[in-house]
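Biologist: Please take one part of this chain and go through it closely, residue by residue where that helps. Then tell me how the rest is put together around it, in plain terms.

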Amino acid sequence: MEKELPKIDLPENWVIGTDINKDLLSLYTNYPVRLRCEIFVLCLEGTVEASVNLNHITVRENNFVTLTPGSIFQINSIEGNLNIYFLGFSSKFIEQSSQSHTILDAIYFTMGRPVFQLRPEGARLMEQYLRFLIGMYEYFPDKIKQDIAPNLYADIHKGISIIYKSHSTEETVSISKSEQIFRSFNQLVMQNYMHNRNVAWYAEQLGITHAHLCTTVKQVSGKTCVDIISSMVIMDAKSQLKSTGLSIQDISDSLSFANMSFFGKYFKRYVGMSPLEYRNNG
């Protein structure tokens with residue numbers, strides 16, 4: 001039996017290709033994994049039913065998908081002949097990268113809505129762009145590919161931000177300092193909730209006071225910092241309880257709880273039932 005939810009990461013700063021097929025995706029059918037890396041997918045043919053953070057998604061022709069680090073991902077079914085391009089950045093590279101406003105914009109827009117429908121002409125342009133990147137990836141030596149990574153990382157996020165903004169009914173004015181703090185906090189939580197639920201730690205990482213972070217997050221989202229952290233923890237716990245055969249002790253350990261009793265009380269406080277009750281009846 002697995003001792004924790006499997007994690008997917010990449011061995012290089014960035015990887016790109018087209019070699020995603022049914023056989024590969026079938027390995028993750030009804031088998032949840034947590035992404036440590038960030039992955040972008042362009043689907044030109046075929047249909048994939050999946051779950052991202054317990055939310056059902058359908059990926060079909062001309063869909064562009066953004067899977068952010070920390071996401072819990074599971075394939076439910078695959079139909080038709082797949083024609084899929086992918087581009088990914090490793091967790092090591094992401095952790096070393098500066099989180100610019102453009103990157104945070106892209107993360108903010110795609111959270112909760114990872115699938116975007118492109119027009120046919122837009123999908124063709126995206127395919128040409130990814131083919132160009134594949135050519136670069138195959139041609140250049142490792143040193144040059146490493147040098148390219150930061151600009152590529154920034155460019156792809158800028159493009160995503162532009163695409164979402166151009167199809168959004170929201171105003172596209174520059175985001176405020178408060179919104180920037182809120183987005184940065186959300187991203188930090190996605191990357192660290194399994195090991196750190198201390199709000200003061202997040203404030204320290206952002207270079208602001210605990211009180212300022214709490215006030216800002218409440219003003220922007222209407223939720224407390226604890227609400228946001230706990231929602232990620234509970235989402236992860238629910239996914240593991242429903243989608244794996246892990247023991248409750250193993251799940252408690254994977255989320256860094258001091259003991260199973262504390263995990264049970266924490267879960268019941270937010271869900272209204274014990275982990276075992278949720279697994280059997282929830």
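Modeller: Two residues are in contact here when heavy atoms of theirs lie within 4.5 Å of each other. By that rule, and leaving out residues up to four places away in sequence, S230 touches Y266 and Y270. Keep in mind throughout that the model is predicted. S230 sits in helix α9, which covers residues 225-243. The side chain of S230 also reaches the backbone oxygen of D227, at 3.0 Å. The relative accessible area of S230 is 3%, and buried means under 20%, so S230 counts as buried.

That is one residue; the part I would look at closely is strand β4, residues 38-52. Of the 15 residues in β4, 12 are buried, so the strand is mostly covered. In a regular strand, side chains alternate between the two faces of the sheet.

β4 has three pairing partners to go through. With strand β7, residues 72-89, β4 runs antiparallel, and 13 bridges join the two. Within that pairing, V41 stands opposite F86 of β7. With strand β6, residues 63-67, β4 is again antiparallel, here over 5 bridges. V41 takes part in this pairing as well, and its bridge partner in β6 is V65. V41 therefore has a bridge partner in β7 and another in β6. The third partner is strand β5, residues 55-59, which pairs with β4 in the antiparallel sense over 5 bridges. There, V52 of β4 has N55 of β5 as its bridge partner.

The loop between β5 and β6 holds N62. The phi of N62 is positive, about 70 degrees, although N62 is not a glycine. N62 has a relative accessible area of 6% and is therefore buried. Another residue to check for this is S256, where phi is near 65 degrees, again positive in a residue other than glycine. S256 lies in the loop between α10 (248-254) and α11 (260-271). Unlike buried N62, S256 is partly exposed, at 35% relative accessibility.

N62 also leads to a helix. Leaving aside neighbours within four places in sequence, R124 is in contact with L44 and N62. R124 belongs to helix α4, residues 120-139, whereas L44 falls within β4, which spans residues 38-52. R124 and N62 are 62 residues apart in sequence, yet their C-alpha atoms are 8.5 Å apart in space. R124 is partly exposed, with a relative accessible area of 34%.

A further link across the sequence involves β6. F116 and F64 are separated by 52 residues in sequence and by 5.2 Å in space, C-alpha to C-alpha. F64 is within β6, residues 63-67, and F116 is in strand β8, residues 115-117. The relative accessibility of F116 is 11%, and F116 therefore counts as buried.

Away from the strands, three helices can be followed in order. Helix α6 (residues 177-192) packs against helix α7 (residues 199-206) at an angle of about 120 degrees, and their axes are 10 Å apart. The two are therefore oblique to each other, and α6 passes α7 in a right-handed crossing. On the α6 side the residues that meet α7 are I181, S184, F185, L188, V189 and N192; on the α7 side they are W201, Y202, Q205 and L206.

The next helix, α8, covers residues 210-221, and its axis comes within 8 Å of that of α7, crossing at roughly 95 degrees. That makes α7 roughly perpendicular to α8. V199, A200, Y202, A203 and L206 of α7 make the contact, together with H210, L213 and C214 of α8. Y202 and L206 of α7 thus meet α6 and also take part in the contact with α8.

For the chain as a whole, there are 12 helices and 8 strands. Of its 282 residues, 47% are buried. Taking contacts with a separation of 6 or more, residues 24 or more positions apart account for 77% of them. The contact of R124 with N62, across 62 residues of sequence, is one of that kind.

Note on methods. Residues are numbered from 1 along each chain as its sequence is written. This is a predicted model: local features need pLDDT of at least 70, side-chain atom pairs count only at pLDDT 80 or more; totals for chains, interfaces and linings use all residues. Side-chain values use heavy atoms; hydrogens and water are left out. Helices (H or I, at least four residues) and strands (E, at least two) are DSSP runs, numbered from the N terminus. Buried means under 20% relative accessible area, exposed over 50%, partly exposed in between (1.4 Å probe, protein chains only). A polar contact is a pair of N or O atoms within 3.5 Å; within protein, one must be able to donate a hydrogen and the other to accept it, and residues adjacent in sequence count only if both atoms are side-chain atoms. Axes are lines fitted to C-alpha atoms, for helices over the stretch in contact, and angles run from 0 to 180 degrees between N-to-C directions. Angles under 35 degrees count as roughly parallel, over 145 as roughly antiparallel, 65 to 115 as roughly perpendicular and the rest as oblique. A crossing is left-handed if the near helix is turned anticlockwise from the far one by less than a right angle, and right-handed if clockwise.
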